[in-house]
Amino acid sequence: MNGINTKHFETGSKCPPIDPEKLTVYNMRYCPFAQRTILVLLKKNVPFDTINVSLSKKPEWFLERNPLGKVPAIQIGDKIIYESMITVDYIDRVYGGKTLNPKDPYQDALDRMLIERFTLALPPHYRLFYGQPSEITPEQRKEWSQEMLDKLYVLEEALLERQTPYFGGDSLMMVDYMIWPWFERILAMPAFAPECVLDPKRFGRLVKWIELMEQDSAVKAYRVTTEDFLEFRRSKLEGNTNYNIIADRQ
Ligand SMILES: N[C@@H](CCC(=O)N[C@@H](CS)C(=O)NCC(=O)O)C(=O)O
């Protein structure tokens, strides 16, 4: 019924019918947090419907379901769960298929701490991605790019320490999916911040990890192209965010 590339519902819209037997994701096609949830659903082959919502004109019924007003949220019957990490843990526990969280509690804790440390790279990333280019001096751009790359170095160190191709070990696990969405966006950054290139001399393991992740079927199924990210960014910077770039092409 409601696919991942459907149009985004806005304020004043009517909520589409919800199948009580099926999981529904409240999503926004360009949200990296919601992407975490979708990747886990795809990987575990959980059937789901998607309701895409506009975040600049949020439907009233969406705010009733998630008082934080953020995507992702999931609904199964009367149950509503929000916050990306909470949704993926729930899905991993409740649905069959490959278990993505590590069974060992210490490994699980190490993975979660790594995700927290990775998020320190996000403030400079967002400043560069959504800051008005006319208000960012070349010096600031270089400084923030450097800051982002320096904070990402924790990931290179983790792969070195773990001596495995994925953060989750020899196969792709939850920690990999929790980090991945921002890399699709980081790969689009050199178009407007040429300093934001992951130099394989410094980030050899991370670059190989990106190549492996790009082969994953869930990642491929939901991937947004660099061109579409740049188009989304352009529309947002112009103050008229276009959530329906992909939907309008369907
Ligand atoms: N901590 C939340 C963050 C989710 C989030 O910030 N989502 C953004 C879109 S990428 C959002 O819904 N923003 C709408 C708003 O803050 O009003 C999570 O992990 O799910």
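**View A. The buried residues of helix α5.** In this predicted model, helix α5 covers residues 122-130. Its buried residues are Pro124, His125, Leu128 and Phe129. Looking down the axis of α5, you will find these buried residues within an arc of 130°, so they line one face of the helix.

**View B. What α5 packs against.** Here we follow the buried residues of α5 to their partners. They pack against three helices: α6 (138-162), α7 (174-186) and α10 (226-237).

**View C. The shell around the ligand.** From the earlier part of the sequence shown here come Met28, Cys31, Pro32, Phe33 and Leu55. Gly69, Lys70, Val71 and Pro72 also surround the ligand, as do Glu83, Ser84 and Met85. By residue type, the shell holds eight nonpolar, two polar and two charged residues. Two helices to look for are α1 (32-43) and α3 (84-94), each of which supplies at least two residues of this shell.

**View D. The protein chain behind the close-ups.** To place the other views, step back to the protein chain, which has 10 helices and four strands. Along the sequence, these elements follow the pattern β-α-β-α-β-β-α-α-α-α-α-α-α-α. The radius of gyration is 18 Å, close to the 18 Å that the globule rule gives for 250 residues, so the chain is as compact as a globular protein of that length. Its C-alpha atoms fill a box of roughly 50 × 50 × 30 Å along the principal axes.

**View E. Burial and contacts in the protein chain.** Of the 250 residues, 32% count as buried. Among contacts between residues at least 6 apart in sequence, 72% join residues at least 24 apart.

Definitions and conventions:
Residues are numbered from 1 along each chain as its sequence is written. This is a predicted model: local features need pLDDT of at least 70, side-chain atom pairs count only at pLDDT 80 or more; totals for chains, interfaces and linings use all residues. A residue is near a molecule or strand if its C-beta atom, placed from the backbone, lies within 6 Å of it. Ala, Val, Leu, Ile, Met, Phe, Trp, Tyr, Cys and Pro count as nonpolar, Asp, Glu, Lys and Arg as charged, and the others, Gly among them, as polar. The radius of gyration is taken over C-alpha atoms; the globule rule is 2.2 Å times the number of residues to the power 0.38. A residue is buried if 20 or more other C-beta atoms lie within 10 Å of its own, exposed if 12 or fewer, and partly exposed in between; C-beta atoms are placed from the backbone. Two residues are in contact if their C-beta atoms, placed from the backbone, lie within 7 Å. The arc is that of the directions from the helix axis to the C-beta atoms.
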